[in-house]
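Biologist: Could you take me on a close look at the place where the ligand sits? I am new to this, so please go step by step.

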Amino acid sequence: MVDARLTPQRADELAAGWAAAQARVAAAARDAGREPSEVRIVAVTKRFPASDIEALAALGVTDVGENRLPEARDKRAQLEHLDLVWHFIGQVQTKKARAVSALADQVDTVDREGLVTALSRGAVAHGRTVGCLVQVSLAEDPAAAAAANRGGCDPAQALALAGLIADAEGLRLLGVMGMAPLGGDPERAYAVLADAAGRIRSEHPAAATVSAGMSGDLAAAIAAGATQVRLGTAILGERPAVG
Ligand SMILES: *Cc1c(COP(=O)(O)O)cnc(C)c1O
């Protein structure tokens, strides 16, 4: 049961946002000489109510992204009747990994060995298989990236981390994820990600997902080969402030 009601106005906004986002992705794919169907859209629903997710699912959204554990747990519990793929896109503290593995279908932010171990244990304990993306840091300046708390492994370590995920019980290696640095050059950043993705794919051919691109830079990401974009504002509008 969904606790909040969707107003007709909000339903219209979401329909328009979803249509516009699909059109932007399709145009970016065509501009890059790619098929629009090669790019999956993950609707980033963090801080928006479960009623918005229910409306988006009715419009055809298949994948949703959340970044806080209690919020994601609460929404998923309200929406068990929907067939959605739940992505965890926030940084995962090791002590929270077990809970995340109980909840997420896919963790897009796996960036260190200790997290692989903890997610694997949790997935096995819950009898689940959790899809994982290796989050690669695309920061030009690692110190600034650490300060911004955006996570991600060194690109040079991505292949080794992918191997650990591929060998871990309860986890499935799906590919890579990256975020362009704030104020940086997205083309350069996404080229680094594409390089890591290619090296991983050559050893793990099924790990073909490249999650890159948000509302502000989806065209650069799609030009560089993204197969998944994570769109919040472009679909749902400005996020409410953290409460
Ligand atoms: C919030 C968030 C997004 C969506 O950002 P928008 O600019 O609203 O599209 C994408 N990826 C991650 C990891 C996020 O935390």
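Modeller: Let's begin with a contact you can find on screen: in this predicted model, a polar side-chain atom of Arg239 lies 2.8 Å from an oxygen atom of the ligand. Lys46 offers a contact to an oxygen atom of the ligand as well, with a polar side-chain atom at 2.7 Å. Now turn to a nitrogen atom of the ligand, and you will find an N or O atom from the side chain of Arg230 at 2.9 Å. How much of the ligand does the protein cover? On its own the ligand has 390 Å² of accessible area, and the protein covers 90% of that.

Next, let's see who stands around the ligand. Besides Lys46, Arg230 and Arg239, the surrounding residues are Val44, Ile89, Met177, Met179, Met214, Ser215, Leu231, Gly232 and Thr233. Sorted by class, this shell holds six nonpolar, three polar and three charged residues. Two elements, β6 (171-179) and β8 (228-231), each give two or more residues to the shell.

Now step back from the ligand to the space that holds it. The ligand sits in the largest pocket, whose volume is about 540 Å³. A total of 25 residues line this pocket, and those nearest its centre are Lys46, Arg150, Met179, Met214 and Arg230. You have already met Lys46 and Arg230 through their polar atoms close to the ligand. Strand β6 comes back here too: together with α8 (186-203), β6 is an element that gives two or more residues to the pocket lining. By class, the lining has ten nonpolar, ten polar and five charged residues.

To finish, compare that with the enclosed spaces elsewhere in the model. Counting those of 30 Å³ or more gives two cavities. The largest cavity has a volume of about 50 Å³, and its lining is made of Glu66, Ala72, Trp86, His87, Phe88, Leu103 and Ala104. Strand β3 (residues 85-88) contributes the most to that lining, with three residues. Five of the lining residues are nonpolar, one is polar and one is charged.

The second largest cavity has a volume of about 30 Å³. Around it you can pick out Tyr190, Leu193, Ala194, Val210, Ala212, Ala221, Ala224, Gly225 and Ala226. Here α8 supplies the largest share of the lining, three residues, so to speak a second appearance for a helix that also gives residues to the lining of the largest pocket. The classes in this cavity are eight nonpolar, one polar and no charged residues.

Note on methods: Residues numbered from 1 in each chain as written. Predicted model: local features only at pLDDT ≥ 70, side-chain atom pairs only at ≥ 80, totals over all residues. Heavy atoms only, no water. Near = heavy atom within 4 Å. Polar contact = N/O pair within 3.5 Å; in protein donor to acceptor, adjacent residues only side chain to side chain. Areas by Shrake-Rupley, 256 points an atom, 1.4 Å probe, with all protein chains shown as cover. 1 Å grid on protein atoms, 1.4 Å probe; cavity = no way out; pocket = protein on both sides within 12 Å on 5 of 7 lines; lining within 4 Å. Sits in = over half its atoms within 2 Å of the grid points. Helix = DSSP H or I, 4+ residues; strand = E, 2+ residues; numbered from the N terminus. Nonpolar A, V, L, I, M, F, W, Y, C, P; charged D, E, K, R; others polar. Points joined across faces, edges and corners; volume = space filled by probe spheres on them.
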